[in-house]
Each structure stands twice: as C-alpha cells, then as structure tokens.
Amino acid sequence: MLIGEVARRSGVSARMLRHYESLGLLRPDERTGSGYRTYADDDIRRIFHIESLRSLGLSLREVGRALDDPGFAPAELVADLVRRTRERIARETELLTRLNRIGAAEPDGWGDVLETIALLQALGSASAGKRQRAALASVDGVPVPVEALVEAALGESDPHVAGALRWALARSGPGAVALLARGLDSPVAAVRERAVRSIAEFPDDETAAVLHDALGHPDVVVRRRAALALGARGVADAVPTLVEMVVDEVNDVDAADALGTLAVRPAAAQDIAARLVGRLADGTVDAPARRRLTQAFADVPGPTAERALAELSRDDDRGVAVTAAYLLRIRATP
C-alpha cells in the first residue's frame, strides 16, 4: 500500500508519516518496481499503535520507547502522564478562574483589565503589605470580583491583612455572604473561623439568618463567634453560648459585654440573670469561673441579679465576695 492510500485510510497525513519514518518510528522496507515505499499490514498496525499512544499525551520519543523497548514499564509512564495531566488541568482551571473573575469585574477597557489583573496578583502576593494594600484598594473603585476577595479572606492568616479583607468584603457587592457561608462547611477549622468572622462584619439584615444557623454549628469556635455577633445585635438566642463563654474564659470580657447589651430588655435581663445563677449553683464550676460569672452581673439589672449579688457578697471565695460587694455598691450609687 502506497503512502497516499495509507494516509487516506489511517487519517494520518503523508507529511506526518514521513516524519515518523525520519524518527525511526516507521520502517516500511518494501518497495515497488518504481522505487516507492509500500506499507505492509504490520506497518499499518504500527501506525494505529503510534496514534493510540499519542492520544494519551505521549511524546513521539516516549511512543518509540513504548513500542520498541522490551524493558519499558507502562505503569510508570501512565502514572507520570496522570501527574502531568493533573498539573495541566490545575493550570487551566486557575486560568479559567482568573478569566471568569476579570469578566465578572465588567471591565470597560484594557486599562480596567490590567488593573484587575494587578490587584488579583497582589491579593496572592507573598508580601503581607501588598495583600493589605490590595484589599484596601479594592474599595477605592478598582473592580475586584467578590469571589476573589472571599477566597483571599478565607485563606488569609495575617491578622492585619485579614482585617482589611473583612472590611473590604463588608463593602463589596452582593453575593459575598452566600460565598462566605460556604466556608462554614470547610474541613479546615481556620477557614471556618475566618468565614464566621467575615460574615459578622456585614449589616444585620444580610447575615442574621446565617449567624443564627451558626449557633447550632458543630464547631464550637463558629458557635462562639456567631454568639458574639448576635449578642451585640440584641439577639437573645445567643445568651446560652455567651454564658458558657464566660464560664470557659473564652473571650469572656466580650461575652459579658454582649450579655450587658442584651440585658437592656427586662425579659432578656431576667433570663440572663437566671442562667448566671444556674451556672453559679453548678458544683462543677471552679472559683475563677465563679468570679467571672459574678463580674458578668455588672450590667444585668433586675431583682434576680440583685439577690444573686447579695448572696455572692457572702461567698466563701474572697474574690467572688469582694467583686459582688463592689457591684452592689455601684448599683446603690445614685
């Protein structure tokens, strides 16, 4: 079979077949009376073998080894191809993400595109200072897709940069809260905490439902962050978690302040006082926790709190007694 017919039947161009011959991949030895090479059945089968291996991403050099080296280990090469393919997919996925983000910024011209690219690169910089400046610049009119800000905020470990990113997110366009809420389901504890802290920066109407759901989150850190945010906003459902934060000495000052904010409403004040009394009566609470619980009565009005402080002023623990007596004196001061 002459080269032209082989090209038609195999789908491989005559030029490529000659290239295979020049590399030694094909060796058609038979010739016609006129001196033209002819391809035997074995040559045709080898062409299909070559094309099959090339379809896997093998180079022509690797194809030659696979077909001619008796010691060739296909499993090793396939494993290497898998690795290279994954790396290529990762690069392509990263490029696609970048292009989508640039498109989401709705640039008016190439100047906007270049600004967005520069800002996206700065958000991923190894320099904390550059990341922080990029976060702040995103609020000054430079178009930055909210997805990029969310990704940066969830992955940021530097506290100063993280604060700038949370500030920028709270001023970003719609959709940020929903994207951040996905971070609450992350298998990484640090990402879950960053997500809830970022969500807490948004106005009440955007995050109330998300934070309320977070009160029942399996991660205690998420529950506590949600409770602090909700307590500061006057949501009474945060009270049980805030009381436990006082007991456990976890952001206990902030938790006590949130309880004081909630206690401006008489019904909430009664509930808070009753819960504090209940924890004080728990025999498992140690002396330092009793002192913190006593201090938490500072901004809780009402007769229940008054009676509790009067009893605590006679407590066997001097720290508890002194704190309670001091709070009673303050209450009695006009």
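Asn251 sits in the loop between H14 and H15, and that loop is a handy place to start a walk through this predicted model. The phi of Asn251 is near 50°, a positive value in a residue that isn't a glycine. What makes that worth a pause? Most residues other than glycine have a negative phi. As for its surroundings, Asn251 counts as partly exposed, at 35% relative accessibility.

Glu249 belongs to the loop between H14 and H15 too. Glu249 has a positive phi of about 60°, although it is not a glycine either. You'll find this residue just after H14. Is Glu249 buried or exposed? With a relative accessible area of 52%, it is exposed, because the cut-off for exposed is over 50%.

Now step back into the helix itself. H14 covers residues 239–248, and it is mostly covered, with seven of its 10 residues buried. Which ones are they? The buried residues in H14 are Val239, Thr241, Leu242, Val243, Met245, Val246 and Val247. And what do they pack against? The buried residues of H14 have helix H13 (220–232), helix H15 (252–262), helix H16 (266–280) and H17 as their packing partners.

Let's take H17 from that list. This helix spans residues 287–295, and it packs with H14 at an angle of about 135°, the two axes being 8 Å apart. That angle makes H14 oblique to H17, because it falls short of the over 145 degrees that would count as roughly antiparallel. On the H14 side, the contact is made by Val243, Val246, Val247 and Asp248, while H17 brings Ala289, Arg292 and Leu293. Sorted by class, the residues in this contact are five nonpolar and two charged, with no polar ones.

Another partner of H14's buried residues is H13, and Ala227 lies in that helix. How buried is Ala227? Its relative accessible area is 0%, so it counts as buried. Setting aside neighbours within four places in sequence, Ala227 is in contact with Leu215, Ala238, Thr241 and Leu242. Two of those names should ring a bell: Thr241 and Leu242 are among the buried residues of H14.

For a sense of scale, look from Ala227 across to Ser55. The two are 172 residues apart in sequence, and in space they are 57 Å apart, C-alpha to C-alpha.

Conventions:
Residues are numbered from 1 along each chain as its sequence is written. This is a predicted model: local features need pLDDT of at least 70, side-chain atom pairs count only at pLDDT 80 or more; totals for chains, interfaces and linings use all residues. Side-chain values use heavy atoms; hydrogens and water are left out. Axes are lines fitted to C-alpha atoms, for helices over the stretch in contact, and angles run from 0 to 180 degrees between N-to-C directions. Helices (H or I, at least four residues) and strands (E, at least two) are DSSP runs, numbered from the N terminus. Angles under 35 degrees count as roughly parallel, over 145 as roughly antiparallel, 65 to 115 as roughly perpendicular and the rest as oblique. Contact means heavy atoms within 4.5 Å. Ala, Val, Leu, Ile, Met, Phe, Trp, Tyr, Cys and Pro count as nonpolar, Asp, Glu, Lys and Arg as charged, and the others, Gly among them, as polar. Buried means under 20% relative accessible area, exposed over 50%, partly exposed in between (1.4 Å probe, protein chains only).
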